[in-house]
Amino acid sequence: MSDTTNESQTFSAESYFATQPQPPSLAADIQGVHEFIQRQRQANRCVVLVTSGGTTVPLELNVVRFLDNFSAGTRGATSAEYFLKAGYAVIFMHRQFSLQPFSRHYSHTTNPFLNFLEVDASLPSSSTIDTAYPYSYDPAPTAPTPQVTVTLAERARLLSVLRAYKAVHEQETLHMLSFVTVNEYLWLLRAVSREMSVLGRKAMYYLAAAVSDFFLPQQRLSEHKIQSGKGNLSIEMDQVPKILKPLVSEWNPEGFIVSFKLETDETLLVPKAQQALERYGHQVVIGNDLHHRKYRVVLISPAAQEDAANQPNGVLASQPKYDKFWIEIDPNQPPSHPKEIEEDIINELIKRHKAWIESA
Ligand code: PMT
């Protein structure tokens, strides 16, 4: 596949950043993050980095083909709204074109906003539309202005989304960053984390993005589109270094870090989440199973250690190393005002984050 080296290797976070190219927009992106964090510090706000959506792995330098990770960005975009509602400032680092806070209510094909708009039927439909430029509005002074309104049934919901959106814009508490490839994600995550370290315990990380586990290093990418017609294609990919490790131990050891574990076999959720905590030593792993993720999740965290002096005979029975906390909602939600599981997840995390700050 390549003209340089064909050998796969094991990347540590350090060797990854030493060999893989920095995205050209990184410096400008980080300048924006830096200024955002300064403003939030002055306002004494907690800041959460929400990562959302899936990363891609290009198979060619002039990319035609790539591998993608499953994630629409629902978890991240919904959670960001609840953090904002609770007074947090949010850095929303998302896959380009995945769901975003507020616009998620009316974007993609699930709920297109045009379905909720109506044109006043009492006016002639073509009277004020310039037919040569059908999307431009003819401001002829004599022509009556057609009124576009929101359907009655949607008005209350739109009003509440719009008010929350406008308030966030006014307070400047939402900062957007986007990535496409796993390489862009990793460089951004490292740089944003370093910027956030000035916040100490007031920084939270909510890592809901679905990050590729394997990638092709730049040095082994084919420059041009891989040609078909030569039979099967075999690609040997390298493992993406586990980025939670340096995040917890180097980039921001004071931050409150929440990672996710996605499984398709629900029985693996708890052991895998415990394994992640054991390995990285952070604060919370949220286990979610693919098919029930909108109604049931489990929060795994290190168990609070009891004090032996408070035990009968001063003896500690063997204590579990991890706490399990299930959050569940009824899967049959009314379509008019559905409850979202993220509301309960964020409330619980904010409670824990507060305790984490106070225990400093
Ligand atoms: O967006 P939706 O459609 O609503 O879906 C949401 C979701 C199911 C994608 C989300 O809730 C979720 O589970 N996200 C994490 C999925 C994932 O990639 O899991 P993982 O096992 O690959 O990674 C576990 C954790 O390790 C992640 O928090 C990730 O940030 C971290 N990681 C992953 C890869 C890597 N190289 N380094 C990492 O640190």
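This tour walks through an annotated domain, a ligand shell and two helix pairs. The model is predicted, so keep that in mind as you click.

**Stop 1: the annotated span**

Select residues 188–293. The unreviewed UniProt entry labels this stretch "domain: DNA/pantothenate metabolism flavoprotein C-terminal". Color it by secondary structure. Helix makes up 27% of the span and strand 22%. Now pick the C-alpha atoms at its two ends. They lie 27 Å apart.

**Stop 2: the ligand shell**

Show the ligand and the residues around it. The shell holds 21 residues. Which of them come nearest? Select T74, L207, S259, F260 and L262.

Next, highlight two elements, α3 (74–85) and β11 (256–263). Each supplies at least two residues of the shell. Strand β11 gives the most, with 4 residues.

Color the shell by residue class. You should find 11 nonpolar, 5 polar and 5 charged residues.

**Stop 3: α3 against α8**

Keep α3 selected, since it helps to form the ligand shell. Add helix α8, residues 341–358. The two helices pack at an angle of about 55°, and their axes are 9 Å apart. That angle makes α3 oblique to α8. The crossing is right-handed.

Now show side chains at the contact:

- On α3, select R75, T78, S79, Y82 and F83.
- On α8, select E342, E343, I345 and I346.

By class, this contact has 4 nonpolar, 2 polar and 3 charged residues.

**Stop 4: α2 against α5**

Clear the view. Select helix α2, residues 26–42, and helix α5, residues 182–196. At what angle do their axes cross? The crossing is at roughly 30°, and the axes come within 10 Å. Angles under 35 degrees count as roughly parallel, and α2 and α5 are therefore roughly parallel to each other. As you rotate the pair, check the hand: α2 passes α5 in a right-handed crossing.

Show the residues that meet:

- From α2, pick L26, D29, I30, V33, H34 and I37.
- From α5, pick W187, L188, A191, V192, E195 and M196.

Color this contact by class as well. It divides into 9 nonpolar, 1 polar and 2 charged residues.

Finish on L188. This α5 residue takes part in the contact with α2, and the UniProt domain feature begins at residue 188.

Definitions and conventions. Residues numbered from 1 in each chain as written. Predicted model: local features only at pLDDT ≥ 70, side-chain atom pairs only at ≥ 80, totals over all residues. UniProt positions renumbered as here; feature names shortened; annotations may be inferred. Near = placed C-beta within 6 Å. Nonpolar A, V, L, I, M, F, W, Y, C, P; charged D, E, K, R; others polar. Axes fitted to C-alpha atoms, helices over the stretch in contact; angles between N-to-C directions. Parallel < 35°, antiparallel > 145°, perpendicular 65-115°, else oblique. Left-handed = near helix turned anticlockwise from the far one by under 90°. Contact = placed C-beta atoms within 7 Å.
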